[in-house]
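Let's walk through this fold together, starting with how its pieces are named and then moving on to what holds them in place.

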Amino acid sequence: MTVHFFDGKSIVLSQMVKRVPAIGEDIKIKGRIGKVSEIVSIDEKNARILVAFESVSKSKAAADQSKKKKK
């Protein structure tokens, strides 16, 4: 079965799988962690899966210290 993973309207990954993930299952795609929010079955061989990815917050403290001039 071919599975197309979507984040909003943009496609993240298309993959041939033997087992389709269930709703609410944690999934990791391209290093990003998310949850399956909705599954739309198009036909016997294709499925669309909507994934809600967790937002990643970057710490700015480490970046600010490297920019300071040393005296």
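A strand here is a DSSP run of E with at least two residues, and strands are numbered from the N terminus. With that in hand, M16 can be placed in strand β2, which covers residues 10–16. Keep in mind that this is a predicted model.

**The overall layout**

The chain has one helix and five strands. Reading from the N terminus, the order is β-β-β-β-β-α, with the helix at the end. Out of 71 residues, 21% are buried. The chain exposes about 6000 Å², and carbon and sulfur atoms supply 53% of that area. As for reach along the sequence, take the contacts with a separation of 6 or more: 31% of them join residues 24 or more positions apart.

**The sheet**

How are the strands arranged? They form an open sheet of five, in the order β2-β1-β5-β4-β3, and the pairing is mixed. β2 and β3 are the edge strands, each pairing on one side only. From one strand to the next, the twist averages 40°.

Look at β4 (residues 32–41) next: seven bridges join β4 to β5, and the two run antiparallel. One place to spot this pairing is G34, whose bridge partner in β5 is F53.

**Back to M16**

Is M16 buried or exposed? M16 has a relative accessible area of 66%, so with the cut-off for exposed at over 50% it counts as exposed. Leaving aside neighbours within four places in sequence, M16 is in contact with M1 and T2. The C-alpha atoms of M16 and V3 are separated by 6.1 Å, although the two residues are 13 apart along the chain.

**The core**

V3 also turns up in the largest nonpolar core. This core has 10 residues: V3, F5, V12, V17, I27, I29, V36, I49, V51 and F53. The elements that give two or more residues to the core are β1 (2–7), β3 (26–29) and β5 (46–53). Which of them gives the most? That's β5, with three residues.

V51, one of the core residues, is a good one to click on. Not counting residues up to four places away in sequence, V51 touches F5, F6, D7, I27, G34, K35 and S37. Two names on that list, F5 and I27, belong to the core as well, while G34 is the residue paired with F53.

**Salt bridges**

Side chains of opposite charge can pair when their charged atoms come close. There are two salt bridges in this structure, set out here:

| Salt bridge | N to O distance |
|---|---|
| D7 and R32 | 3.4 Å |
| E25 and R19 | 3.2 Å |

The D7 and R32 pair links distant parts of the chain: D7 sits in strand β1 and R32 in strand β4, 25 residues apart. D7 is partly exposed, with a relative accessible area of 29%, and R32 is partly exposed too, at 39%. D7 has already come up among the residues that V51 touches.

What about the pair of E25 and R19? E25 is partly exposed at 26% relative accessibility, whereas R19 counts as exposed at 55%.

Note on methods. Residues are numbered from 1 along each chain as its sequence is written. This is a predicted model: local features need pLDDT of at least 70, side-chain atom pairs count only at pLDDT 80 or more; totals for chains, interfaces and linings use all residues. Side-chain values use heavy atoms; hydrogens and water are left out. Helices (H or I, at least four residues) and strands (E, at least two) are DSSP runs, numbered from the N terminus. Buried means under 20% relative accessible area, exposed over 50%, partly exposed in between (1.4 Å probe, protein chains only). Contact means heavy atoms within 4.5 Å. Accessible areas come from the Shrake-Rupley method with a 1.4 Å probe; for residues, only the protein chains shown count as cover. A nonpolar core is a set of buried Ala, Val, Leu, Ile, Met, Phe, Trp, Tyr and Cys residues joined through side-chain atoms within 4.5 Å. Two strands pair if DSSP finds at least two bridges between them. Axes are lines fitted to C-alpha atoms, for helices over the stretch in contact, and angles run from 0 to 180 degrees between N-to-C directions. A salt bridge is a side-chain nitrogen of Lys or Arg within 4 Å of a carboxyl oxygen of Asp or Glu.
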